[in-house]
Amino acid sequence: MKLQDNIIEYINENQALLNDSFPDFIKDIRTKAQQDFIKKGFPSQKNEKWRRTKLKNIADQYYHPGINMIFDKELKWESCVVPEYDRAVALVNGHYVAEKILEVLPNGIVIGSLQAATEKYPDLVKRYFNKLVAQQNKAFDDLNAAMFADGLFLYVPKNVQGFRLQITHRLDAKIDALINVRNLIILEENAQIDMVQCDDSNQHRSHFVTFNAEVFLADKAKLNWYKYQNINNLSAIFSNHYYEVGSQANLYTNFIELNGKTLRNEQFAQIIGVAAKVDLYGLYLADKLQQVDNVIFVSHDKEGSYSNQKFKGILDDSARGFFNGQILVKKDAQQTNAFQKNDNILLTDKARISSQPFLEIYADDVSCSHGSTTGQIDEDALFYIRQRGISKRDAQLLQLYAFTGEIIDAIKIPELIEPTKDLVKKRLNGKLDVCEDCILQCQTRT
Amino acid sequence: MNPILEIKNLHAGIGGKEILKGLNLTVNPGEVHAIMGPNGTGKSTLANIITGREGYEVTEGEIIFKAKDILSLDPEERALEGIFLGFQYPVEIPGVSMTNFMKAAIDAKRKYKGLDPIKPGEFLKMMREKQALVDIPDKIKNRSVNEGFSGGEKKKNEIFQMAMLDPDLAILDETDSGLDIDALRSVAEGVNKLRSKDNAFIVITHYQRLLDYIVPDIVHIMYDGKIVKSGDKELALELEEKGYKLVE
């Protein structure tokens, strides 16, 4: 456990650097997290939710623990092409990067660095910060709270709607580095935004990233969150997302997990109001020795809400996947409609998926379902397509691409659909740069 | 005149079990052959082996298509050479629209011939023309291949694809099974419109009924992995009357 020891040593030796830039209420949370991490460390492989994940190849490696704490002013970023956004910001090596560190837009939206927000709006931040994390305290939450330097702060006032934000989350350290990012997103009543996030990497370096987000949706608030993860084969991102969902609020996420050594997305949605709607979509494509995990928990606390989890994956070579989805329907959550489905295609004998659907229901008037399928390419369909003169490789691509359609078709921003299709096609093709001969005819060629 | 297809002394099977036991068949351009025979006699196996489906072992004999030995070719290469199979059970391919599927197939064929991909306008015109030929509704264009199609629509869709791809040899494997008389008639009409002096058909069927509409030049009776009797269209009528004891 080389990494764990390095981090503990760093925490013990850099107390001032780690803690002094934050106000007391953060400092308290942080020092407690530091103590807890020193006590508990990384999750044990005996933990059911971590048994299937190869943590060893991260824990035994050296990542510089302190990069995160030093802000390199030279860092630059370019946005990827996402049309029709209102504002583009970046998180680079865990720091918020934009023209202004913290700003209030004309419509009242506050956007900027979380670190800056803790100083400028301490009361607001204090009301929300760590509330959801403290209730759950999942693996790596302690590490994230103990070490983060910054992240995104977003506050959307009551009735403000139609704002589209692009977030480029870039890994750009010149040495192998541990990076911790902390985000806080607050939507007041009847507020609505779209967020499009791209996780990417610039350097051929190993990054180990913990990305934590606490998201609060007040009554009737609506959040659509799209995430594209495409980082190098040396890097890992563990993301924990916490959502509090109020009455008649809508939470929609669609995460496209394209590339990385290890990608883990945990999403915990707690529906505390009535008549809310939660849709969680995910598509994961992994090959070589990659690992991709989705751990989902939707809790229905009150009556009349709807939730749907739909996750699909294609695993090639020796890739491994882990899907753990849970629906909890509490005693008061009558007339709940809750659904969950996980479908997988394994392309080789060595690829593996562990799919664990769970339902836990304490109310008696509910409609719930869960299901999981894992299969191979359909040989009958393959022959049918080849009999029409289409090559075996293209016949496979057609089928795999068709399999992803259900997730891509769920995208609600029309301008995002074609770029997403292109990314998925290129990924399935195995090469992002050679597509002259491909049957799928991407619109963009790089 | 060279035959389109020549099968000589074909022995083949699956999993060590011999199904075809020395089959001979010669098909010339312009001909329609009907192959009839009881269940389990190897009719569909023959179709699968001609089209190159994986999993079968050919232990003896040869299949010559347009003067070329095709036994070592992949299914797609045989298709590109001009062999089409109308499936007994057309496969549903969720998420792949008929339009995209046909565009991919046409472009694969054009590429094989050294041509550029078909222009969208030209492709749509072609789709419309061929649709009219087999009387299938326009809406299937946007639907996934065979998904949610009725039995009749699936079979018509096979003929539609055949019309699009314009093969030299089309093998129709029990295209008549599960069809009502109207669907049967429109499938047969489609085939008849596509008949020419340059192409050939092998129609595999259990029933003489289809042959009222697609009139064959030669009828073969297949039994226990071999063609045991061949004749003109009257043979089908005789078979209908006497049953397979005719050849037992």
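Start with the polar contacts between chain B and chain A: 12 residue pairs are counted, both members at pLDDT 80 or more. That confidence filter matters here, as you are looking at a predicted model.

**Stop 1: the chain B side**

Keep chain B selected and colour its secondary structure. Helix H1 (43–51), helix H2 (75–81), strand E6 (83–86), strand E7 (93–97), helix H3 (98–112) and helix H5 (151–165) of chain B each bring at least two residues to the side that touches chain A. Which of these elements gives the most? Pick out H3(B), which provides 7 residues. Now colour that side of chain B by residue class, and you will find 18 nonpolar, 6 polar and 8 charged residues.

**Stop 2: both partners together**

Next, show chain A as well. Here 32 residues of chain B are in contact with 19 residues of chain A. Between them the two chains bury about 2000 Å², with carbon and sulfur atoms giving 62% of that area.

How many salt bridges does the rule find across the interface of chain B and chain A? The count is 4. For a salt bridge to zoom in on, select Arg53(B) and Asp380(A), and draw a distance between the closest N and O atoms: they lie 2.5 Å apart.

**Stop 3: the two domains of chain A**

Hide chain B for a moment and give chain A two colours, one for domain 1 (2–273) and one for domain 2 (380–446). The C-alpha centres of these two domains of chain A are 32 Å apart. Where they meet, 15 residues of domain 1 of chain A are in contact with 12 residues of domain 2 of chain A. This domain pair buries about 1200 Å², 65% of it on carbon and sulfur atoms. Show Tyr226(A), Tyr228(A) and Leu258(A) as sticks: they supply 38% of the area that domain 1 of chain A buries against domain 2 of chain A, more than any other three residues.

Now look for charge. The rule finds 1 salt bridge across this domain interface. Select Glu415(A) and Arg164(A), which form a salt bridge with their closest N and O atoms 3.7 Å apart. Polar contacts between domain 1 of chain A and domain 2 of chain A come to 7 residue pairs, both residues at pLDDT 80 or more.

Which strands of chain A should you highlight on the domain 1 side? Take strand E8 (192–201), strand E10 (222–230) and strand E12 (250–259), each of which supplies at least two residues of the side touching domain 2 of chain A. E12(A) has the largest share of that side, 5 residues. By class, the residues on this side of domain 1 of chain A divide into 8 nonpolar, 4 polar and 3 charged.

**Stop 4: a sheet in chain B**

Bring chain B back and find its open sheet, where 4 strands run in the order E2-E1-E4-E5 with antiparallel pairing. Strand E2 (17–27) and strand E5 (68–69) of chain B are at the edges with a single partner strand each, so one side of each has no neighbour in the sheet.

To finish, zoom in on strand E1 (residues 5–14) of chain B, which pairs with E2(B) in the antiparallel sense over 8 bridges. Select Leu10(B) and look across to E2(B): its bridge partner there is Leu23(B).

Technical notes:
Residues are numbered from 1 along each chain as its sequence is written. Chains are lettered from A and ligands numbered from 1 in the order in which they are written. This is a predicted model: local features need pLDDT of at least 70, side-chain atom pairs count only at pLDDT 80 or more; totals for chains, interfaces and linings use all residues. Side-chain values use heavy atoms; hydrogens and water are left out. Domain bounds come from an automatic or database domain assignment. Contact means heavy atoms within 4.5 Å. Buried area is the accessible area (1.4 Å probe) that two parts lose on being put together, summed over both. A salt bridge is a side-chain nitrogen of Lys or Arg within 4 Å of a carboxyl oxygen of Asp or Glu. A polar contact is a pair of N or O atoms within 3.5 Å; within protein, one must be able to donate a hydrogen and the other to accept it, and residues adjacent in sequence count only if both atoms are side-chain atoms. Ala, Val, Leu, Ile, Met, Phe, Trp, Tyr, Cys and Pro count as nonpolar, Asp, Glu, Lys and Arg as charged, and the others, Gly among them, as polar. Two strands pair if DSSP finds at least two bridges between them.
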